[in-house]
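Hi there,

Here is the model I promised to pass on. Have a look at it first, and my notes follow underneath.

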Amino acid sequence: MTLDKRMTPAEIVGQLRDGMTLGIGGWGPRRKPMALVREILRSDLKDLTVVSYGGPDVGMLCAAGKVKKLVFAFVSLDAIPLEPWFRKAREAGDIEVLELDEGMFQWGLKAAAFDLPFLPTRVGLGTDLIELGGLKTVQSPYDDGEVMVAIPALRLDAAIIHVHRSDHRGNVQALGPDTYYDEWFAKAAKRCFVSCEELVEAMEDSYPEDARANAFERCFVTGVTEAQAGAHPTSMPPSYGHDVGWLTKYAGAAKDPGDWSAVAADLVGKSEESYLTSVGGKEAVGALPLPIYS
Amino acid sequence: MTITLAELCIAACAETFRTDREIIGTGIGPVPRLGVSLAKLTHSPGLMMTDGEAFLVEQPIPLGPRGDYVPKKAGYLPFSRFFDSAVWTGRRHAMVTPTQVDRFGQTNLSALGGTHQQPKIQMLGARGFPGNGIYHANSMFIPAHSNRVFVEGEVDRVSSPGYNPARRIAGGNYSGIDLQRVVTNLCVMDFEGPGNTVRVRTLHPGVTFAEVQEATGFELIDAVESETALPTEEQLAIIARLDPHGIRNKVLKDNPPARKEAA
């Protein structure tokens, strides 16, 4: 067997099919695999079921008509709380949704990771999510007999995740204070494709001192590709922050002109190279200040 | 210096967070965050706070641009273990600002009007509200008390559970639902009426119960024993230190004084 998992972004997107369920790592406008999202936006891929703690990844895929169904707990750009392109798609009735709680969502990924049909929880009781989502309940077989919500496994055909470093075998390192639920996206997916800021030959030769940043093991990685500034416009601490100026322009375009086809070329770029040039190059992205959350 | 209504609300939020437990205190928005910070620095040192991202801090971080201030990390609580550590173990009290609240304490952060397939206005999504509501203590801060927020009937979408008997599944465990206080620009309310109905506990200086009732879409119980307490000099000094840029002055319309002027 070969352990060389290096692929181009186009080869990764070439592995995806219409109608697939696609998990996207990160959280809101934080460490999103945007280079791969842009590659999807440049492709003919369609009818996706997207599973994401949503940020501009969701907004852009919805705007471009790539999404048949969205599994989400929120979609937000943080500084701009309501994602305008997602909002537009929802208010037009364009997409099916499964709205979950943030904790239910990771529970569903964990059920998929462990190949269980569901995992039980109290979360959802007393809310509209159960009925609107068609969620079922399950009773404890023990003496307590408690009735709980059964969160169905969120099985992913594929997941895409952006990390700082990987070697050719898929030994990844995700730096920064938080990797959110990236580990569980990787484990819930049949195939997980990782983009990274820096692709090295052998992690043990390059960054052995950071081995604790190995957020998930290489057996969960199908393909890796280098994508410098690949999270832009989202944040990638400690390397760079989110691009407030870009996100403001992107959000504004949802109102004026309000038509994705008129702005897609500008916001996605014909190639990743031209996209990066349009945002000032990877040096400019690397200089974006880290956000302060409060 | 005139004490502002925002400062009075911050002190009321701090009182809401009073606890002798070691739990995460989360205040979303400037007033709740200053409230929980003030509680931690005064009567409730057991409260635990984050830097808004992934680290626990024992010294609450001042609001806004930090200048030379560097947060002092004392612990680690990333999103990736937030449900394991804080929410699903019940070790948290959160104060949030939902778009709608009904008489059962059910809240809506998801969508307004229309249908599930096509809402009239799509909002954030349920976020962590369903889990917060079933597992740990919750309070609310409503900066503009009106019957558009405190709606008649039920909220458009129930994002977090409340005390609605019609929304109970037999055998379900609802014992974790713990709605504590609602601090608004007019008053402080609780859910301690018969059958967890909503009561007004204190009125802010110069506000009448009738005014509060007029601005609320459901019936309130008058349990007012006093005016909401003004912040002390010590509390005001802490608030000023934690909000060096005066962000609290922009929360309430026209930044009014704590005592409402007679109309």
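A residue is called buried if 20 or more other C-beta atoms lie within 10 Å of its own, exposed if 12 or fewer do, and partly exposed in between, with the C-beta atoms placed from the backbone. V251(B) is buried by that rule because 20 other C-beta atoms lie within 10 Å.

Before going further, the ground rules. This is a predicted model, in which local features need pLDDT of at least 70 and side-chain atom pairs count only at pLDDT 80 or more, while totals for chains, interfaces and linings use all residues. Residues are numbered from 1 along each chain as its sequence is written, and chains are lettered from A and ligands numbered from 1 in the order in which they are written.

Back to V251(B), which sits in the segment after helix 6 of chain B. Helices (H or I, at least four residues) and strands (E, at least two) are DSSP runs, numbered from the N terminus. Not counting residues up to four places away in sequence, V251(B) touches A6(B), P30(B), V31(B) and P143(B); a contact here is a pair of residues whose C-beta atoms, placed from the backbone, lie within 7 Å. E211(B) is 40 residues from V251(B) in sequence, and their C-alpha atoms are 21 Å apart in space.

Two of those partners, P30(B) and V31(B), are among the buried residues of helix 2 of chain B. Eleven of the twelve residues in this helix are buried, so the rest of the structure largely encloses it. Its buried residues pack against helix 1 (5–16), strand 1 (24–27), strand 2, strand 5 (92–96), strand 10 (137–142) and helix 6 (233–242) of chain B. The geometry is as expected too: at 1.5 Å a residue, the twelve residues (30–41) should span 16 Å, and the end C-alpha atoms are 16 Å apart, which agrees. The expected span is 1.5 Å times one less than the number of residues.

Strand 2 of chain B also belongs to an open sheet of three strands, ordered 2-3-4 with antiparallel pairing. Strand 2 (49–50) and strand 4 (73–76) are the edges, each with a single partner strand, so one side of each has no neighbour in the sheet. Two strands count as paired if DSSP finds at least two bridges between them; strand 3 (residues 55–57) and strand 4 of chain B have three bridges, in the antiparallel sense. Within that pair, L56(B) stands opposite G75(B).

Another buried position in chain B is Q106(B), with 27 other C-beta atoms within 10 Å. Q106(B) lies in the loop between strand 6 (100–101) and strand 7 (107–108). Beyond four places in sequence, its contacts are E154(B), V155(B), V158(B), S160(B), P161(B), G162(B) and N164(B). The C-alpha atoms of Q106(B) and E154(B) are 7.6 Å apart, although 48 residues separate the two in sequence.

How do the chains meet? In the interface, 45 residues of chain B are in contact with 39 residues of chain A. On the chain B side, helix 3 (82–87), strand 9 (121–122) and helix 4 (129–135) are the elements that give two or more residues, and helix 4 has the largest share, with four.

Now chain A, which has twelve helices and eleven strands. Buried residues make up 55% of its 294 residues. Its C-alpha trace spans about 60 × 50 × 40 Å along the principal axes. The domain assignment gives domain 1 (9–99 + 155–231) and domain 2 (117–152), with C-alpha centres 28 Å apart; such bounds come from an automatic or database domain assignment.

Helix 2 (residues 34–41) of chain A has eight of its eight residues buried, so it is largely enclosed by the rest of the structure. Those residues pack against helix 1 (9–14), helix 3 (56–63), strand 8 (156–167), strand 10 (189–200), helix 10 (260–268) and helix 11 (272–278) of chain A.

Finally, V149(A) lies in strand 7 (residues 147–152) of chain A and counts as buried, with 27 C-beta neighbours inside 10 Å. I130(A) is 19 residues from V149(A) in sequence and 7.8 Å from it in space, C-alpha to C-alpha.

Happy browsing, and best wishes!

Methods
Contact = placed C-beta atoms within 7 Å.
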